[in-house]
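Biologist: I am just starting out with protein structures, and I would like a close look at one part of this one. Could you take me slowly through the second largest cavity and then show me what surrounds the rest of the fold?

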Amino acid sequence: MRRLHPAWLVAAVAFVALVGAAGFRATPGVLLHPLHAEFGWPLATISAAVSVNLLLYGVTAPFAAALMDRFGIRRVVACALLLVAAGSGLTVAMTESWQLVLCWGVLVGLGTGSMALAFVATVTGRWFVRRRGLVTGVLTAGGAAGQLVFLPLLAVLVRDHGWRTAALVVAGAALAVVPLVVWLLREHPADLGRPPYGATAVAPPVRPEGGAAARAVGALAAAARTRPFWLLAGGFAICGATTNGLVGTHFVPAAHDHGMPETTAAGLLAVVGLFDIAGSIVSGWLTDRVDARLLLGAYYALRGASLLVLPSLFAGAARPSMLVFIVFYGLDWVATVPPTVALCREWFGASGAVVFGWVFAAHQAGAAVAATGAGLVRDRLGDYAVAWYVAGALSVGAAGLSLLLRRRVGEPAFALPAPVGRRAWSYRG
């Protein structure tokens, strides 16, 4: 009987870790109104804490990718889960809004950012040659699976037992994943004497000698001199604004404004998570076969069209038209990730995971701006309609940015010599 390649076990453990980290990212939508009711903080203030979380979630990613190269995936992921647990657990004792920013924003932002999509790019880049796009899609779906598992549960816990119980459940879930990561998450195929899945030769891992921060900043400095980086980062910033920042943070309170119970709205977001899993896996499969630029253009254009009609779909109950939107948006939610990872790898070669970390930082910067901006729109205008319309128009613009990317001809845009040490980046094109 043919033995299972260890790459699949590593992918499975990574998936579970991503699910565990997703729990806290599912909480802001169901906690905005409870925190507002208990402490009297404006929604814009609470949204600002979410924005700090989203921003750090992105900015941490490239440094985490470099740290994984320097110190290993296992150590970085275990520490990240401990940060998530600490940030979530400490919220139960907070009394001031700055403590919300510290716990939600800083601790959880750093922890979840260390297990962001750059973690996915690192795992797939090390362990897979064949099925890389598909596995990227499956791991990306881990965040959606976490939302699917946690969001309805958290909504019920908040309703029946209060928001503090929900926060403690998330902390416990993150802690429960740590032993699994320490026990089973492996670093490189060569450590087991195996080639990556789909390869034939065992390649010894190249372990950088320079600092992780210097490597991450060096990647940004080199990538920022290329046009593809800005096209990818610009499109992904809009992606973040229209998913985590806007829909993920404000869909539940927006639906509640129209008379829909928060548990019902949270259930709809959980359905988004369900179809998000299917959409990201199918997108990964397509990325192995279809031009990634065309996929991104289609995903963003369709997302923009759906957001432009969303304001007319809100009601006190989940009507069929809203259910159609939920299914469609779920399929599109992170379908953008596998083609974006593939394009970073195409343009930036072996440094693609670190560069994707910076592209993902742009994603989270867009999410942070949208989270705070939508809260301000709601506070000033009394509803979210303008936020939905702006997001729809931006998504159509992201489709244009994606289609402006051309195919790379020749060598990657730049390469980082190994070992790193004090040597400089070489730049080509």
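Modeller: Happy to. Let's start with the character of the wall: the residues lining the second largest cavity divide into six nonpolar, three polar and no charged. Keep in mind that this is a predicted model, and that every value here is computed from it.

How many cavities of 30 Å³ or more does a search of the whole structure find? There are two, and the second largest has a volume of about 40 Å³. Rolling a probe the size of a water molecule over the atoms shows where empty space is left.

Now find the wall in your viewer. The lining of this cavity consists of L231, L232, G235, F236, L296, Y300, T340, S402 and L405. Two elements give two or more residues to that lining, namely α10 (227-257) and α12 (292-309). The largest share, four residues, comes from α10. Looking at numbers such as 231, 232, 235 and 236 in the lining, it helps to recall a rule about helices. An α-helix has 3.6 residues a turn, so residues three or four places apart point the same way.

Let's step back to the whole protein. It has 16 helices and two strands, and of its 429 residues, 57% count as buried. The accessible surface comes to about 16300 Å², with 68% of that belonging to carbon and sulfur atoms. Among contacts between residues at least 6 apart in sequence, 82% join residues at least 24 apart.

Next, the nonpolar core. In soluble globular proteins, nonpolar side chains tend to be buried together. In this model, the largest nonpolar core has 125 residues, and those touching the most other members are V77, M115, F119, F251, M322, F356 and W388.

V77 is a good one to click on. Leaving aside neighbours within four places in sequence, V77 is in contact with A17, M68, M115, F119, V181 and L185. Follow the contact to A17, which sits in helix α1. With the same neighbours left aside, A17 is in contact with V77, L81, M115, V177 and V181. Is A17 buried or exposed? A17 has a relative accessible area of 1%, so it counts as buried. The C-alpha atoms of A17 and L139 are separated by 9.8 Å, though the two residues are 122 apart along the chain.

A12 is also found in helix α1, residues 6-25, but A12 counts as partly exposed because its relative accessibility is 40%. Its C-alpha atom is separated by 9.5 Å from that of V138, 126 residues apart along the chain.

F119, another contact of V77, leads us to helix α6, residues 117-127, where 10 of the 11 residues are buried. Among the buried ones are F119, R126 and W127. In the loop between α6 and α7 (132-161) you will find R131. R131 has a positive phi of about 60° although it is not a glycine. R131 is partly exposed because its relative accessible area is 36%.

One last stop is W104, in helix α5, residues 97-113. W104 is buried, since its relative accessible area is 2%. The C-alpha atoms of W104 and L90 are 9.3 Å apart, with their positions 14 residues apart along the chain.

How values were computed
Residues numbered from 1 in each chain as written. Predicted model: local features only at pLDDT ≥ 70, side-chain atom pairs only at ≥ 80, totals over all residues. Heavy atoms only, no water. Buried < 20%, exposed > 50% of the residue type's maximum accessible area, 1.4 Å probe, protein only. Contact = heavy atoms within 4.5 Å. Areas by Shrake-Rupley, 256 points an atom, 1.4 Å probe, with all protein chains shown as cover. 1 Å grid on protein atoms, 1.4 Å probe; cavity = no way out; pocket = protein on both sides within 12 Å on 5 of 7 lines; lining within 4 Å. Points joined across faces, edges and corners; volume = space filled by probe spheres on them. Nonpolar A, V, L, I, M, F, W, Y, C, P; charged D, E, K, R; others polar. Core = buried A, V, L, I, M, F, W, Y, C linked by side-chain atoms within 4.5 Å.
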